[in-house]
Amino acid sequence: MLLTIDVGNTQTTLGLFDGEDVVEHWRISTDPRRTADELAVLLQGLMGSHTAVKEAAVEGLAICSSVPAVLHELREVTRRYYGDVPAVIVEPGVKTGVHVLMDNPKEVGADRIVNALAANHLYGGPCIVVDFGTATTFDAVNARGDYVGGAIAPGIEISVEALGVRGAQLRKIELARPRNVIGKNTVEGMQSGILYGFAGQVDGLVERMARELAKDPDDVQVIATGGLAPLVLGEAGTIDVHEPWLTLIGLRLVYERNRPAS
């Protein structure tokens, strides 16, 4: 069994692989204050509830993180609690097979490189990955599988929180589809603005990026991932595929490229 851990700014996603199959997955809040011991207890508690893990121990770990404080503690977890298990942490020097064609490749988040690897592996290039997380990121991969760049926009939850904080007569709302595009009350109006506004943003950015990425924009596959992707899937017409475990799949691929020879 391979345990993959994707630490985002807001949530951490964990996936347990048996070969190429995700046999279990969890999503927990990202808390930089958690110590290595607390993280270990949490991990062991989650995995202990799955019968397959009781029968087959974790044989490898693959980790990427957008939060340095959490990554530091996860390093300690791997050292103290999984010292005899091969662990791959995605960082400079780790083989991904993805050429990063950016002015400064080191400033590209590890999760975005991992997403590019998985998208190219599953669907081929050219493609665009739209990741709905704390930020909504758009990552472009060319026909050769190179990461050529992208765009970053405020995430859906950030926008909802900003409206609630900065709007004198507005408040936090449930992220749900309203009855109509033309809202009949404040909550529906905000839901409409968030849902259809973000769908329009996705379509607009994807269409512009696809024209730069390929001679025929129709050749570009668009893959959606991230915890909030289901909210927008039915409204953004440019999305071709929804792959909720794209980052975890990418972590599995990176692990396979870097694990020690047995």
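Colleague: Between which domains does the second largest pocket lie, and how is that read from its lining?

Modeller: The general idea is to ask which parts of the chain give residues to the lining. In this predicted model, domain 1 (1-88) and domain 2 (108-243) both give residues to the lining of the second largest pocket, so this pocket lies between them. Its volume is about 390 Å³. It is lined by 19 residues, and Glu91, Pro92, Pro105, Val108 and Ala110 are the closest to its centre.

Colleague: Which helices supply at least two residues each to the lining of the second largest pocket, and how does that lining divide by class?

Modeller: Helix 3 (68-81) and helix 4 each supply at least two residues. By class, the lining of the second largest pocket has 10 nonpolar, 6 polar and 3 charged residues.

Colleague: Where does the largest pocket lie, and what is its volume?

Modeller: The reading proceeds in the same manner. Residues from domain 1 (1-88) and from domain 2 (108-243) both occur in the lining of the largest pocket, so the largest pocket lies between these domains. Its volume is about 620 Å³. There are 27 lining residues, and those nearest the centre are Gly8, Asp111, Asp131, Gly133 and Thr134.

Colleague: Which helices and strands each supply at least two residues to the lining of the largest pocket?

Modeller: Two helices and three strands can be named here: helix 4 (110-123) and helix 8 (246-258), together with strand 2 (11-18), strand 6 (127-132) and strand 7 (135-141). The lining of the largest pocket comprises 14 polar, 7 nonpolar and 6 charged residues.

Colleague: How many cavities of 30 Å³ or more does a search of the whole structure find?

Modeller: The search finds 1 such cavity. The largest cavity has a volume of about 80 Å³. Of its 13 lining residues, Thr12, Ile28, Leu39, Val70 and Leu74 are the closest to the centre.

Colleague: Which elements each supply at least two residues to the lining of the largest cavity, and how many of its residues are nonpolar?

Modeller: The elements are strand 1 (2-7), strand 2, strand 3 (21-29), helix 1 (36-48) and helix 3. Of the residues in the lining of the largest cavity, 8 are nonpolar, 3 are polar and 2 are charged.

Colleague: How many disulfides does the structure hold?

Modeller: A disulfide is a covalent bond between the sulfur atoms of two cysteines. One therefore looks at the distance from each cysteine sulfur to the closest other one, with a cut-off of 2.5 Å. This structure holds 0 disulfides. The closest cysteine sulfur to that of Cys64 belongs to Cys127 and is 17 Å away, which is too far for a bond. Cys127 is accordingly in no disulfide, its nearest cysteine sulfur being that of Cys64.

Colleague: Are Cys64 and Cys127 buried or exposed?

Modeller: The test is relative accessible area: buried means under 20%, and exposed means over 50%. Cys64 is buried, at 1%. Cys127 is also buried, at 0%.

Colleague: How do Val88 and Arg33 read by that test?

Modeller: Val88, which belongs to strand 5 (residues 87-89), has a relative accessibility of 7% and therefore counts as buried. Arg33, placed in the loop between strand 3 and helix 1, has 70% and therefore counts as exposed.

Colleague: How far apart in space are Val88 and Ile63, and how far apart are Arg33 and Glu73?

Modeller: Separation along the sequence and separation in space are read as two quantities. Val88 and Ile63 are 25 residues apart in sequence, with 6.3 Å between their C-alpha atoms. Arg33 and Glu73 are 40 residues apart in sequence, with 9.5 Å from C-alpha to C-alpha.

Colleague: Which residues does the cis peptide bond join?

Modeller: The angle to examine is omega. It is about 0 degrees at the cis peptide bond that joins Gly125 and Pro126. Pro126 is in the loop between helix 4 and strand 6.

Colleague: How many helices and strands does the protein have, and how compact is it?

Modeller: The secondary structure comes to 8 helices and 10 strands. The radius of gyration is 19 Å, close to the 18 Å that the globule rule gives for 262 residues, so the protein is as compact as a globular protein of that length. Along the principal axes, its C-alpha atoms fill a box of roughly 60 × 45 × 35 Å. Of the 262 residues, 48% count as buried.

Key:
Residues are numbered from 1 along each chain as its sequence is written. This is a predicted model: local features need pLDDT of at least 70, side-chain atom pairs count only at pLDDT 80 or more; totals for chains, interfaces and linings use all residues. Side-chain values use heavy atoms; hydrogens and water are left out. On a 1 Å grid over the protein atoms alone, a cavity is a set of points where a 1.4 Å probe fits but cannot get out, and a pocket is an open set with protein on both sides within 12 Å along at least five of seven lines; lining residues have an atom within 4 Å of a point. Grid points are joined across faces, edges and corners, and a volume is the space filled by probe spheres set on the points. Helices (H or I, at least four residues) and strands (E, at least two) are DSSP runs, numbered from the N terminus. Ala, Val, Leu, Ile, Met, Phe, Trp, Tyr, Cys and Pro count as nonpolar, Asp, Glu, Lys and Arg as charged, and the others, Gly among them, as polar. Domain bounds come from an automatic or database domain assignment. Buried means under 20% relative accessible area, exposed over 50%, partly exposed in between (1.4 Å probe, protein chains only). The radius of gyration is taken over C-alpha atoms; the globule rule is 2.2 Å times the number of residues to the power 0.38.
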